[in-house]
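Reader: I should like to go through this structure with you before I return to the bench. Could you take my questions in turn?

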Amino acid sequence: MDDGVDQEAGGARRFAAAIVWLRYVVVLGWAAAAVAAVLFLPSMGDAGSDASGLVKEDSAAIAAQQRSAAVFGYPLLTEVALVQRDPNGLTAAAQRRVIDRAALISRDGGKAANGLRAAVPLINVDGVMSTRHEQSTTALTFLYFDPALTFERRVAVAHDVIRSDVRSLGDGAVGVTGVVPARVEQARAIIGALPAITAGTLLLILLVVGIWQRSVLAPVLTLVAAGTAYVVATGVVAWFGRQTGQVVPQEVEPLILVLVLGIVTDYCVFLLASTRRSIAGGLEVRPAVRVATAVTAPTIMIAGLIVAGGTASLSLGTLGFFRALGPALALAAGTGTLVALTLVPALLAIVGRRVYRRVEPEPAPDTSAVAPVDRRSIGARLARSRLVALPLAALCVVGLAFAANDVRHARLGFSLTEGAGKDSEVRRAAEAGRLGFSAGIISPTEILLDGPRIAADTEGLKRVEELLRRTPGVTGVVGPAEQASLTAAAGSAAAGGAPTPFATPSGSTVRMLVVLADDPFSSGAIATLERLRDALPRLTRGAGLTVSRVDVAGQTALAADTVQESKTDIVHLALAALAVNLLFLMLFLRAIVAPVVLLGASVLALGAALGVTVLVSRLLGWGDVAYYTPLAAAVLLLSLGSDYNVFVVGRIWHEARARPLADAVAVAVPAAAKPVTLAGLVLAGSFALLALAPVVALRQLAVALSTGVLIDAFIVRSLLVPSLITSLGPISGWPGSALKRRADAPAEAPAAVALAGADD
């Protein structure tokens, strides 16, 4: 071996010896860390249901909404709405009560102790929203709260209103909907699903590791390590979020859960396999643990650094969600790696005799020569001939490219209401609003027009509204004229108390609500909004209005800004993750060609996984792909793919120290197949369990991540990578000459690779 390898091996041996010698101290140390995390560190639940991390913080839409409230002294947009609906028609008395309730809330809002400040009613009466065949069947009351009120409190107050004032009168109460209720309900759904996700993952680990090792204690040891890593990781992540002021979105916790449990189990699989082989070779338990730790520690460390470094690249994003997700996953991966490097071998050194009590020593191998290649194995047949390897690599590439084809049809959005469970109140109320008005009614778009005495030009404003109604994708426009029609139709004496904030007292600014046909966060609504933005200058000129400034606010505008920003982030952050992975692979393999080829294979696998996700979303009616799903999946899959590269290709490099490269591939790939397959099954199963949460975005992530891991384990690492390395030959080690030198040199004694063979 070269000097660098000798130094690495010496350092790994000293590290392994220290862990085994200090085994009880290590176990007690991690136990104390877990207890301290529970007692003294904040929990992930403290992140609550804040949606700020999911949107673009410096969005023009937010600035427009803030300006609207400042200029008018009163907000027009809200994130909470009460929905009432009677398909046979709301009675005149019920409609009057809708108007009266809103007027009363707005009059007394400044004195209300519950934080409810104002309300604006909207009923689908003729002259207000006449694009539907229905008339007077549906009413929405938009509620405005003190900004300091928590999301949970706003939803609770809204439910109090609908329970006390609507349901008791039999006025067709459906429920509460909007951005805030949807976010709160989604957070509760995620928290409610965590026990099932946890139990499912633990059961998966018990079954897979237990059956593979034919031991009850082996999976228990794995679960202890994974559980310790999870408890410590969640505490550290929550503490980091609090110290840095970053809001950790609720979606992060299940990702941390499955990532930590998955990668700790992965690393345990390789350590358990290596220890088992050493015991079967005749070593006692503690020496076997030392040998296995010395062999696997460098690989686990590099693999962990790749995952942590790759996920940390998300922190370079401009969206708060990515800036919170990156450090969270990096800290979780780092914690899991430390546990796998220290706690697992320490536990094995203590209870290893019981774990491996059924393992019988095998006859000592002949160490005078390199072990022969089993030329009957599939790995040998596929790897030794370029005539086989090249067509196989081409077939894999074509198949993965075909699977990735559906990515072209991906439509990014961010739906909170449609992403909720079908039986949820938020979704039922949103559906009722859609039937009476349109899907966009739960969160209309606000347009602000500035111009000298623009409010006095009532005819011009009416023409603008009419032109807006004719825009494809727009189902209604509400302004001063529509408010007057609403009041007259309701026939309420108290309606004069209802707010009509569509023009400033100076008359220099007016605003109107535009209701879109599609869900406010969907790609369809975003496309309509982009058309509106482009058309507004032309529409105002056509109506004869003199307009000096146009602003667009609302959730659809915010979603459009966020999705556009995420598309930019996808390119920049994916390149950053690739650069991190490439750097670590080059350092580990001491080559450039092989890391570039390996990352190319990982990109193909990623594309195939995202293509499958788009296809499944379309077939299951999940709608748009959540805007953060592609990037989160890309960074995780690229990092985890490099993780498997380290185990498989690192094994090939080790074998190539003692035999020609073709033989090294033929020996290493079948030997690493079982651990990689088991690790892939556990990790894919863990990610798949994310689908237990009734949240579409997490289900899409579950499909992308589990599919990507399976493709990586069963196609890329088992077939494509060996075929590519065989096809390239020793040049895959360029610019180093190690592979070529070893391929040309006569076979040497396997002392250098004896430890490397401990992974099967």
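Author: Let us begin with a term: helices are DSSP runs of H or I with at least four residues, numbered from the N terminus. The model is a predicted one. In that numbering, Ser686 is found in helix 20, which covers residues 661-688.

Reader: Is Ser686 buried or exposed?

Author: Ser686 is buried, because its relative accessible area is 0%, and buried means under 20%.

Reader: Which residues is Ser686 in contact with, leaving aside its neighbours in sequence?

Author: Once neighbours within four places in sequence are set aside, Ser686 is in contact with Thr201, Leu204, Val258 and Gly262.

Reader: Let me step back to the whole chain. How many helices and strands are there?

Author: The chain has 22 helices and 10 strands. It holds 760 residues, and buried residues make up 58% of them.

Reader: And what about contacts between residues 24 or more positions apart?

Author: Among contacts in the chain with a separation of 6 or more, 83% are between residues 24 or more positions apart.

Reader: What area does the chain expose?

Author: The exposed area is about 29,200 Å², and carbon and sulfur atoms supply 62% of it.

Reader: Now the sheets, please. What is the order of strands in the one that contains strand 2?

Author: That is an open sheet of 4 strands in the order 2-3-1-4, with antiparallel pairing. Its edge strands are strand 2 and strand 4 (173-177), each of which pairs on one side only. Neighbouring strands in this sheet are turned by 20° against each other on average, direction ignored.

Reader: What holds paired strands together, in general?

Author: Strands of a sheet pair through backbone hydrogen bonds, in either a parallel or an antiparallel manner.

Reader: How many bridges are there between strand 2 and strand 3?

Author: Strand 2 and strand 3 (residues 138-145) pair over 7 bridges in the antiparallel sense. As one example, Val120 has Phe142 in strand 3 as its bridge partner. Strand 2, residues 116-123, is also mostly covered, with 7 of its 8 residues buried.

Reader: And at the other edge, how is strand 1 joined to strand 4?

Author: Strand 1 (residues 80-85) and strand 4 run antiparallel and are joined by 4 bridges. Gln84 has Ala173 as its bridge partner in strand 4.

Reader: Which helix packs on this sheet and touches strand 4?

Author: Helix 13 (residues 425-436) does so, touching strand 1, strand 3 and strand 4, and its direction makes about 110° with that of strand 4. Helix 4 (residues 92-108) lies across strand 1, strand 2 and strand 3, and runs at about 155° to strand 2.

Reader: What of the sheet with the order 7-8-6-9?

Author: This is an open sheet of 4 strands with antiparallel pairing. Strand 7 (474-478) and strand 9 (549-553) are its edge strands, each pairing on one side only. On average, its neighbouring strands are turned by 25° against each other, direction ignored.

Reader: Which residue in strand 9 is the bridge partner of Leu449?

Author: The partner of Leu449 is Val550. Strand 6 (residues 445-450) and strand 9 pair in the antiparallel sense over 5 bridges. Helix 3 (residues 60-72) lies across strand 6, strand 8 (509-516) and strand 9, and runs at about 110° to strand 9.

Reader: Changing topic: which residues form the nonpolar patch on the surface?

Author: The patch is formed by Leu203, Leu206, Leu207, Ile211, Val216, Val220 and Val224, and together they have about 640 Å² of accessible area. Helix 6 (179-213) and helix 7 (217-244) each supply at least two residues. Helix 6 gives the most, with 4 residues.

Reader: Where does Val224 lie, then? And why is it classed as partly exposed?

Author: Val224 lies in helix 7. Val224 is classed as partly exposed because its relative accessible area is 42%, and that class runs between 20% and 50%.

Reader: One last residue. What does Ala393 touch, not counting residues up to four places away?

Author: Ala393 touches Leu720, Ser723 and Leu724. The C-alpha atoms of Ala393 and Leu724 are separated by 6.2 Å, although the two residues are 331 residues apart along the chain. Ala393 has its place in helix 12 (residues 386-403). With a relative accessible area of 5%, Ala393 is buried.

Methods. Residues numbered from 1 in each chain as written. Predicted model: local features only at pLDDT ≥ 70, side-chain atom pairs only at ≥ 80, totals over all residues. Heavy atoms only, no water. Buried < 20%, exposed > 50% of the residue type's maximum accessible area, 1.4 Å probe, protein only. Pairing = 2+ DSSP bridges. Patch = residues over 30% accessible without salt bridge, like charges linked within 9 Å, V, L, I, M, F, W, Y side chains within 5 Å. Areas by Shrake-Rupley, 256 points an atom, 1.4 Å probe, with all protein chains shown as cover. Salt bridge = Lys/Arg side-chain N within 4 Å of Asp/Glu carboxyl O. Axes fitted to C-alpha atoms, helices over the stretch in contact; angles between N-to-C directions. Contact = heavy atoms within 4.5 Å.
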